[in-house]
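User: I would like to learn how to read a structure of this kind, feature by feature. Could you give me the general idea each time and then the case at hand?

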Amino acid sequence: MAFREKIAWVTLIAMVLAYGVYFGAVVALGENARGPVTADSLWMLWLFAALTIAQLAAIAITSLILSLRSGREARARADERDQAIARRGAAVAYHVLLTGMIVVGVVLPFEASGWRIVNAALFALVLAEFVRHAAVVIGYRRGWHG
Amino acid sequence: MAEAALRNQIRTLRFLAGEMTQAELGERIGVTRQTVAAIEAGKYSPSLEAAFRIARVFGKPLEEVFQWDDSADPAAPPREPRQP
């Protein structure tokens, strides 16, 4: 497995764990997670930030371990296939992010407010990033003819 | 996934070049071993520059290393009959 594919897998797993906790909590809270943004409810943003930092730290540590094991391959610059796969991942994720931002910025304000909009925006960001890394994994697994 | 229309003889040419490894070939053309493996397996179509570099490593013209398979290309135009 290519070093960059391993990193994409690690990132996907870390994202599922970290944001699974956050959005799981949002769903479990029900109406409490959809109300107005108040000082008392800002802990949700702190939770999101803490999980993001924890996820990034886990990815950094795992990447370091993988790079020490991979040796030269980890130090090698991305070749043309790595770059093509990364470009496709970004292109696919762009459409997800664009759709998410249209929903959050144009559609949702007519029928929702407060935390529902905030969480929808966070979900769009997380989903776009997830799709980017998933597209990278698929690019390495299934092949790339671009 | 559509079948690749680009075929190649890299595996055979590596064997004939003293069983050159994928890593050695990758190092000489500036790509990773995994990318050479993907090219060989038809999972990745290399850039024109990489294709020429591969051909130069083996000292062969490009069309001896890579071939276009019309039967696997649904967009291929009908072939013109060859002039005598």
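Analyst: Let us begin with the elements: helices (H or I, at least four residues) and strands (E, at least two) are DSSP runs, numbered from the N terminus. Chain B has 5 helices and 2 strands, and along its sequence they follow the pattern β-α-α-α-α-α-β. This is a predicted model, in which local features need pLDDT of at least 70 and side-chain atom pairs count only at pLDDT 80 or more, while totals for chains, interfaces and linings use all residues. Residues are numbered from 1 along each chain as its sequence is written, chains are lettered from A and ligands numbered from 1 in the order in which they are written, and side-chain values use heavy atoms, with hydrogens and water left out.

User: What is the mean pLDDT of chain B, and which of its elements have the lowest and the highest mean values?

Analyst: pLDDT is the predictor's confidence in each residue, from 0 to 100. The mean for chain B is 87, and 83% of its residues reach 70 or more. Among the elements of chain B, strand β1 (residues 6-8) has the lowest mean pLDDT, 90, and helix α4 (residues 48-58) the highest, 96. For the complex, the predictor gives an ipTM of 0.78 and a pTM of 0.82.

User: How should I read burial, and is B:T35 buried or exposed?

Analyst: Buried means under 20% relative accessible area, exposed over 50%, and partly exposed in between, with a 1.4 Å probe and protein chains only. B:T35, which is found in helix α3 of chain B, counts as buried because its relative accessibility is 0%. By contrast, B:E19 is exposed because its relative accessible area is 56%; B:E19 is found in the loop between α1 (10-16) and α2 of chain B, and its phi is near 50 degrees, a positive value in a residue other than glycine. Of the 84 residues of chain B, 40% count as buried.

User: Which residues does B:T35 touch?

Analyst: A contact means heavy atoms within 4.5 Å. Not counting residues up to four places away in sequence, B:T35 touches A:D79, A:R81 and B:Y44. A polar contact is a pair of N or O atoms within 3.5 Å, where within protein one must be able to donate a hydrogen and the other to accept it, and residues adjacent in sequence count only if both atoms are side-chain atoms. One such contact, of 3.5 Å, joins the side chains of B:T35 and A:R81. For chain B itself, residues 24 or more positions apart account for 62% of the contacts with a separation of 6 or more.

User: How are pockets and cavities told apart, and what is the volume of the largest pocket?

Analyst: On a 1 Å grid over the protein atoms alone, a cavity is a set of points where a 1.4 Å probe fits but cannot get out, whereas a pocket is an open set with protein on both sides within 12 Å along at least five of seven lines; lining residues have an atom within 4 Å of a point. Grid points are joined across faces, edges and corners, and a volume is the space filled by probe spheres set on the points. The largest pocket has a volume of about 340 Å³. Its lining holds 13 residues, of which A:R72, A:A76, B:V31, B:T32 and B:R33 lie nearest the centre. At least two lining residues each come from α3 (72-75) of chain A and from α2 (22-29) and α3 (33-40) of chain B, and α2(B) gives the most, with 3 residues.

User: What classes of residue line the two largest pockets?

Analyst: Ala, Val, Leu, Ile, Met, Phe, Trp, Tyr, Cys and Pro count as nonpolar, Asp, Glu, Lys and Arg as charged, and the others, Gly among them, as polar. The lining of the largest pocket has 3 nonpolar, 4 polar and 6 charged residues. The second largest pocket, with a volume of about 230 Å³, has a lining of 8 nonpolar, 1 polar and 2 charged residues. Among the residues of that lining are A:F23, A:L108, A:W115 and A:F123, and α5(A) gives the most to the lining of the second largest pocket, with 5 residues.

User: How many cavities are there, and which residues line the second largest?

Analyst: A search of the whole structure finds 2 cavities of 30 Å³ or more. The second largest cavity holds about 30 Å³ of space and is lined by A:A2, A:F3, A:R4, A:E73, A:D82, B:T32 and B:Q34. One of these lining residues, A:A2, is found in the segment before α1 of chain A and counts as buried because its relative accessibility is 6%. Not counting residues up to four places away in sequence, A:A2 touches A:E73, A:Y140 and B:Q34. A:A2 and A:R141 are 139 residues apart in sequence and 9.8 Å apart in space, C-alpha to C-alpha.
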